[in-house]
Amino acid sequence: MPPQIETDEHKALRAAVATLGTKYGRTYMTSVIAAGGHPTELWQEAGKLGYLGVNLPEEHGGGGGGIAELAIVLEELGAAGSPLLMLVVSPAICGTVIARFGTEEQKRTWLPGLSDGSRLMAFGITEPDAGSNSHRITTTARRDPASGDWLLTGRKVFISGVDMADAVLVVGRTEDARTGRLKPCLFIVPTDAEGFHKRPIDMELSAAEKQFELTLDDVRLPADALVGDEDAGLLQLFAGLNPERIMTAAFAIGMGRYALSRAIEYARDRTVWKAPIGAHQAIAHPLAQAHIDLELARLMMQKAAHLYDAGDDTGAGEAANMAKYAAGEACVRAVDQAVHTLGGNGLTREFGLASLITAARVARIAPVSREMILNYVSHQTLGLPKSY
């Protein structure tokens with residue numbers, strides 16, 4: 001890591017995004033959710049200001065930064081109570097994969113729109129029967145020998161924001177002509193393609209971004225729908241998954257910071273006996289511990305982003321998993337302590353914390369469970385044998 005944890009440019013970006021987030025805030029997001037809509041106004045303004053594509057190449061309309069900058073954007077929007085979950089998906093996963101491995105035509109077609117917010121892309125990897133085992137993905141693509149087109153067939157679940165997206169970057173598998181084995185590949189699938197069907201999943205989680213099940217029934221795609229080299233699927237896949245974990249950490253840290261800020265404000269003002277309740281160590285110490293946990297998670301997130309942006313995919317993989325784990329745990333504890341600090345008020349709509357109890361668990365579960373991260377660290381870092 002560089003001697004200076006955050007540059008002056010990063011500090012300026014953080015302050016500017018915080019101003020935008022505060023302009024909208026938690027009230028805006030809850031009203032959007034209640035109406036069943038999308039945070040369109042915030043998304044569009046963030047795009048116009050250059051925040052959505054801050055990690056994408058300048059020659060294609062982006063800011064020329066990296067995941068470190070995009071993580072700042074998401075964290076600060078979350079800390080203001082107005083996180084944009086699709087930042088994890090559209091510019092971080094899809095934009096990064098296309099910028100690194102896409103053809104010039106794919107870059108020209110997609111990156112400017114992903115940068116300014118006029119276009120949006122979802123990401124489809126999870127399947128009903130595969131879970132965390134990407135080797136069990138059954139969505140397959142085969143060539144039409146007559147035309148050279150791809151025919152894509154399969155199912156995906158828990159795909160975020162499909163109703164907002166122009167296309168989905170789908171993880172499928174193709175047959176290796178030499179070995180007959182299936183290998184992962186990524187395809188850009190327009191959401192209006194024939195044979196592409198989406199069904200909303202009824203979630204108890206209150207969020208602006210809806211979850212969908214996808215059915216791909218012989219979706220015909222041109223040859224140039226394939227992103228990158230057909231023989232480099234895993235490399236390309238993990239180029240998107242590491243940023244996903246870093247951005248999920250940013251999402252969790254921002255949410256935790258928001259909850260903590262509400263609890264601190266309440267603890268300063270709420271007086272039951274002679275002093276504000278925040279003067280009592282039983283209230284103050286858990287809040288201080290939550291702050292420490294969030295700050296430690298942020299440091300690991302910054303390390304992961306630095307390694308990724310420096311091109312160290314292996315080092316970034318370890319750090320990104322650790323950052324996601326630490327941030328998810330810290331977020332759940334911060335939200336729980338914030339609600340507990342407010343007591344009954346923590347469960348009212350007025351204070352806007354109760355809905356975060358469910359939302360905070362997302363970072364523990366997705367995009368990979370904490371148990372799978374512990375498996376990763378056990379095997380990859382500690383060198384312990386696998387049980388599976």
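This is a short dialogue on how to read a few features of a predicted model.

User: Where should I start, and how many helices and strands does the protein chain have?

Analyst: A sensible start is the overall make-up of the chain, keeping in mind that the model is predicted. In this case the protein chain has 11 helices and eight strands. The radius of gyration is 21 Å, close to the 21 Å that the globule rule gives for 388 residues, so the chain is as compact as a globular protein of that length. Along its principal axes, the C-alpha trace spans about 85 × 50 × 40 Å.

User: What share of the residues in the protein chain is buried, and what share of the contacts joins residues 24 or more positions apart?

Analyst: Burial is judged from relative accessible area, with under 20% counting as buried. Here buried residues make up 52% of the 388 residues. Among contacts with a separation of 6 or more, 70% are between residues 24 or more positions apart. As for the surface, the accessible area of the chain comes to about 17800 Å², and 53% of that belongs to carbon and sulfur atoms.

User: Is glutamine 236 buried or exposed, and which residues does it touch?

Analyst: For a single residue, one can look at its element, then its accessibility, then its contacts. Glutamine 236 has its place in helix H6, and because its relative accessibility is 2%, under the 20% cut-off, it counts as buried. Leaving aside residues up to four places away in sequence, glutamine 236 touches Val97, Phe101, Leu186, Val227, Gly228 and Asp229. Its C-alpha atom is separated by 8.2 Å from that of cysteine 185, although the two residues are 51 residues apart along the chain.

User: Why does arginine 245 count as buried?

Analyst: Arginine 245, also found in helix H6, counts as buried because its relative accessible area is 11%, which is under 20%. With residues up to four places away in sequence again left out, arginine 245 touches Ala320, Asn321, Lys324, Pro367 and Val368.

User: How many residues line the second largest pocket, and which elements give two or more residues to the lining?

Analyst: A pocket can be described by its space and by its lining. The second largest pocket holds about 420 Å³ of space and is lined by 19 residues, of which Arg26, Thr30, Arg349, Gly352 and Ser355 lie nearest its centre. The elements giving two or more residues to this lining are helix H1 (8-34), helix H6 (233-269) and helix H9 (354-360), and the largest share, seven residues, comes from H1.

User: How do the residues of that lining divide into nonpolar, polar and charged?

Analyst: The lining of the second largest pocket comprises eight nonpolar, seven polar and four charged residues.

Note on methods
Residues are numbered from 1 along each chain as its sequence is written. This is a predicted model: local features need pLDDT of at least 70, side-chain atom pairs count only at pLDDT 80 or more; totals for chains, interfaces and linings use all residues. Side-chain values use heavy atoms; hydrogens and water are left out. On a 1 Å grid over the protein atoms alone, a cavity is a set of points where a 1.4 Å probe fits but cannot get out, and a pocket is an open set with protein on both sides within 12 Å along at least five of seven lines; lining residues have an atom within 4 Å of a point. Grid points are joined across faces, edges and corners, and a volume is the space filled by probe spheres set on the points. Helices (H or I, at least four residues) and strands (E, at least two) are DSSP runs, numbered from the N terminus. Ala, Val, Leu, Ile, Met, Phe, Trp, Tyr, Cys and Pro count as nonpolar, Asp, Glu, Lys and Arg as charged, and the others, Gly among them, as polar. The radius of gyration is taken over C-alpha atoms; the globule rule is 2.2 Å times the number of residues to the power 0.38. Buried means under 20% relative accessible area, exposed over 50%, partly exposed in between (1.4 Å probe, protein chains only). Contact means heavy atoms within 4.5 Å. Accessible areas come from the Shrake-Rupley method with a 1.4 Å probe; for residues, only the protein chains shown count as cover.
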